[in-house]
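Reader: I've just opened this one and don't know my way around yet. Can you walk me through it?

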Amino acid sequence: MTTDKSEENEVVRVLDAATGREVATLPDADPQFCVADAMLVACRADPLTRGPRLVTFRLADRAVMTVPVEEHTSLLSVVQGRISVENARRKPSIFTIDRAGNVIDEKPAGELLAMSDDLVLVRATRDEEEFLAVYRMNG
């Protein structure tokens, strides 16, 4: 993922790691609010005329999708194509959505291990390999 600041607004571009060629442009995506794993890139977009959006790029089919997302939703991470988000106005405030913006789990992707006032520690598994993920809660 890269950004092009030479244009009037920053543009998020997805590049092929092997060739460096551009494979997608994520419309209206804010490069400061992008998260990714090996399968999916997810960015928040806030076009003034349409409200907040979730813009995703899936590597498997090289498809870009843009869908509405709730106000005050922050992207935390992507694990195996599942997007962990936070919205302090919801209970629970951290949950998992798919790339269509549908809530698929009422917790972050992975097993919740510990939580403080501003951090969440989760154990996740990818390709049978366990790892820890730390999420900072915006608040």
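Reader: Let's start with strand 2. How many of its residues are buried?

Author: Strand 2 covers residues 11–15, and 4 of its 5 residues are buried. One caution early on: this is a predicted model.

Reader: Noted. Which way do strand 2 and strand 3 run?

Author: They run antiparallel, joined by 4 bridges. Strand 3 spans residues 22–26.

Reader: Which residue of strand 3 stands opposite Val12?

Author: Leu26 stands opposite Val12.

Reader: And what do strand 2 and strand 3 form?

Author: A hairpin, with 6 residues between the two strands. Gly20 sits in the turn and has a positive phi of about 80°.

Reader: Where is Thr19?

Author: Thr19 is in the loop between strand 2 and strand 3.

Reader: Why does Thr19 count as partly exposed?

Author: Because its relative accessibility is 49%. The cut-off matters here: exposed means over 50%, buried means under 20%, and partly exposed lies in between.

Reader: What does the side chain of Thr19 reach?

Author: The backbone nitrogen of Arg21, at 3.1 Å.

Reader: New topic: sheets. In what order do strands 4, 5, 6 and 7 come?

Author: The order is 4-5-6-7, in an open sheet with antiparallel pairing. Strand 4 (29–36) and strand 7 (63–68) are the edge strands, and each pairs on one side only. From one strand to the next, the twist averages 25°.

Reader: How many bridges pair strand 5 and strand 6?

Author: They pair over 6 bridges, in the antiparallel sense. Strand 6 takes in residues 53–58. Within it, Thr56 is the bridge partner of Ala42.

Reader: What about strands 8, 9, 10 and 11: which order do they have?

Author: They form an open sheet of 4 strands, ordered 8-9-10-11, and the pairing is antiparallel. Strand 8 and strand 11 (103–105) stand at the edges. Each has a single partner strand, so one side of each is left without a neighbour in the sheet. Here the twist averages 40° from one strand to the next.

Reader: How many bridges join strand 9 to strand 10?

Author: There are 4 bridges, and these two strands run antiparallel. Val85 stands opposite Phe95, which is in strand 10.

Reader: Now the inside. How many residues has the largest nonpolar core?

Author: It has 12 residues, among them Val35, Leu40, Ala42, Val85 and Phe95. The elements giving two or more residues to this core are strand 5 (40–45), strand 8 (74–79), strand 9 (82–86) and strand 10 (94–97).

Reader: Take Val35. What does Val35 touch, leaving out residues up to four places away in sequence?

Author: Val35 touches Leu40, Val41, Ala42, Leu75, Leu76, Ser77 and Val78.

Reader: And which residues are in the other core?

Author: Apart from the largest core lies another, of 11 residues, including Ala24, Cys34, Cys43 and Phe57.

Reader: Two cysteines there. What joins Cys34 to Cys43?

Author: A disulfide, with the sulfurs 2.0 Å apart. In general terms, a disulfide is a covalent bond between the sulfur atoms of two cysteines. The count here comes to 1 disulfide.

Reader: Is the link of Cys34 and Cys43 right-handed or left-handed?

Author: Right-handed, with 110° about the S-S bond.

Reader: Last one. Are Cys34 and Cys43 buried or exposed?

Author: Both Cys34 and Cys43 are buried.

How values were computed:
Residues are numbered from 1 along each chain as its sequence is written. This is a predicted model: local features need pLDDT of at least 70, side-chain atom pairs count only at pLDDT 80 or more; totals for chains, interfaces and linings use all residues. Side-chain values use heavy atoms; hydrogens and water are left out. A nonpolar core is a set of buried Ala, Val, Leu, Ile, Met, Phe, Trp, Tyr and Cys residues joined through side-chain atoms within 4.5 Å. Buried means under 20% relative accessible area, exposed over 50%, partly exposed in between (1.4 Å probe, protein chains only). Contact means heavy atoms within 4.5 Å. Two strands pair if DSSP finds at least two bridges between them. Axes are lines fitted to C-alpha atoms, for helices over the stretch in contact, and angles run from 0 to 180 degrees between N-to-C directions. A polar contact is a pair of N or O atoms within 3.5 Å; within protein, one must be able to donate a hydrogen and the other to accept it, and residues adjacent in sequence count only if both atoms are side-chain atoms. A disulfide is a pair of cysteine sulfur atoms within 2.5 Å.
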